[in-house]
Structures are given as C-alpha cells and as structure tokens.
Amino acid sequence: MPRSPRPKILIVLHQENSSPGRVGHMLIEEGFDLDMRRPPLGDTLPETLDGHAGAVVFGGPMSANDEDEFVRRETDWLNVPLRENRPFLGICLGAQMLVNHLGGKVEGHGEGLVEIGWYPLKATEAGRKLMHWPEMVYQFHREGFSLPKDATLLATAETYPNQAFRYGDNAWGIQFHGELTRAMMQRWVVRGAHRFELPGAQPGRDHLGGRLIWDMHLKRWLGEFLQTIFGKPAAR
C-alpha cells in the first residue's frame, strides 16, 4: 500500500532568509511536513486550511501596525484558521497580528522600554494548569499587545504583561521566541546590535551567555507547547 502523505503545517515567514528554526525541526520530527510561505515576497496564503493540520505565523522586523499590503492581508487572513477552528500559533509579530485581528491593540511601552534579551516569565493560574513554563525566555521586540476580549492570559511579565494567551480552542499567541537555534541567535545578535542601545535592552554577550543557562528549559517547554497545539499526526 502507498504511504499516506504526511500532514502539512503552514509556515508564514517575513524575510527572504527567515527560518522556522527549532519550531520547524520539532514539527518535522513529530511527523509533519512544512509548507513555507513568505507573503512579503509575493507568496499567497491558502483560502482554506482543509489541506493543512494548522499554521504558524512567525516574527519579523516590521510592525503589525504597518500599512504594508502584506501586513493587512495576513491580518485579514487570520479569519481562516479562526473560522475553521484550526490549530494556529502566532509568534511575536504573528501574535500581534492576531491581537489586531481580534480588535486588540499593539503598541510600544509607555516609557519606551523594550525587551531584547532574556527576561523573567511568570505563568498565570490558567497557564500553570496547562503545563510547566520556563522561568526565563528570549525576547526581541519593541511593541507589545493588549489581551484580546475573551482570550485567556497564560503567561505574564513585568515590562510587557501580556506574554502568552489562548483564544478559543485552537488559537495561541506568544510574545517571546523559543524557535531560535544557536546559529539564528548569533545572526540576530549581529544584525540587531544597533537595538541594544534601546532602553531596557541587554548587551549582545548576555544573549548568548543566557542561552547557556536557560535555553534547555525553553526548548523543553517549546516541545510540549507544540504538542499541545498541534498534537501528533498519528493521533489525528
């Protein structure tokens, strides 16, 4: 008998050299294939997720409030996974697009603070019931988001209090980054060095030094989180 095709996860990226990193590696290991699209480069998004097991929208240097055509198109497209109740994960920019789609606000900190480096995370009661969360997570953002109406806050932090949420059965958003491989973090530290002067940002050496201490816990959490959202293909 011919083997049945592996289920696909839609992967939405925002730069030519962007990678799904550890998220992609883990999904492939779990038995999924990746359907990678880059809307800023002209790729289209599917009108339905009938042919996919879910979707992940990653981060990028742009703002969810930008007037670029692809930003508006992606934000509107989020109606597809929400309408069809398909597993969806938004990471950083992807989470902020989801918040805008749901009528929330995306904006910078009132005192201009950013989160660029490793910062403490605290799970809410709802988050603790779901899984064990890492105490420190890697951040790289200048804007945060409000908690959408009817969403459940799963994790919080001091500077940007809304760090992870769930909306409905299958839509999830996180502000921080668990997907970075070591090579990806090194690239971000080099290319983003000009941002380390922003208020609240950490120097580049602390990004890589913190990885030696906290990344194993973040990686373990990410594996559990992806299984919570997408399950295992065999179980489907």
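Helix α4 (residues 93–101) sits across β3, β4, β11 (164–167) and β12 (171–174), and runs at about 115° to β4. Contact here means heavy atoms within 4.5 Å; axes are lines fitted to C-alpha atoms, for helices over the stretch in contact, with angles from 0 to 180 degrees between N-to-C directions. Helices (H or I, at least four residues) and strands (E, at least two) are DSSP runs, numbered from the N terminus. This is a predicted model, with local features needing pLDDT of at least 70 and side-chain atom pairs counting only at pLDDT 80 or more, while totals for chains, interfaces and linings use all residues. Residues are numbered from 1 along each chain as its sequence is written, and side-chain values use heavy atoms, with hydrogens and water left out.

Now for the sheet itself. It is open, has 8 strands with mixed pairing, and follows the order β2-β1-β3-β4-β12-β11-β10-β7. The edges are β2 (33–37) and β7 (122–123), each pairing on one side only. Two strands count as paired if DSSP finds at least two bridges between them.

At the β2 edge, β1 (residues 8–12) and β2 pair in the parallel sense over 5 bridges, and K8 has D33 of β2 as its bridge partner. Helix α1 (residues 21–29) lies across β1, β2, β3 (54–57) and β4 (88–91), running at about 145° to β2.

Over at the β7 edge, the pairing with β10 (residues 152–156) is antiparallel and takes in 2 bridges; A123 has A155 of β10 as its bridge partner. Strand β10 also runs antiparallel to β11, joined to it by 3 bridges, and L153 stands opposite F165 in β11.

What about empty space inside? Searching the whole structure turns up 1 cavity of 30 Å³ or more, and the largest cavity has a volume of about 30 Å³. A cavity is a set of points, on a 1 Å grid over the protein atoms alone, where a 1.4 Å probe fits but cannot get out; lining residues have an atom within 4 Å of a point. Grid points are joined across faces, edges and corners, and the volume is the space filled by probe spheres set on the points.

The largest cavity is lined by R22, W118, Y138, H177, G178, L180, M185, R211, D215 and L218. Helix α7 (residues 204–230) supplies the largest share of that lining, 3 residues. By class, the lining has 5 nonpolar, 2 polar and 3 charged residues, with Ala, Val, Leu, Ile, Met, Phe, Trp, Tyr, Cys and Pro counted as nonpolar, Asp, Glu, Lys and Arg as charged, and the others, Gly among them, as polar.

How values were computed:
On a 1 Å grid over the protein atoms alone, a cavity is a set of points where a 1.4 Å probe fits but cannot get out, and a pocket is an open set with protein on both sides within 12 Å along at least five of seven lines; lining residues have an atom within 4 Å of a point.
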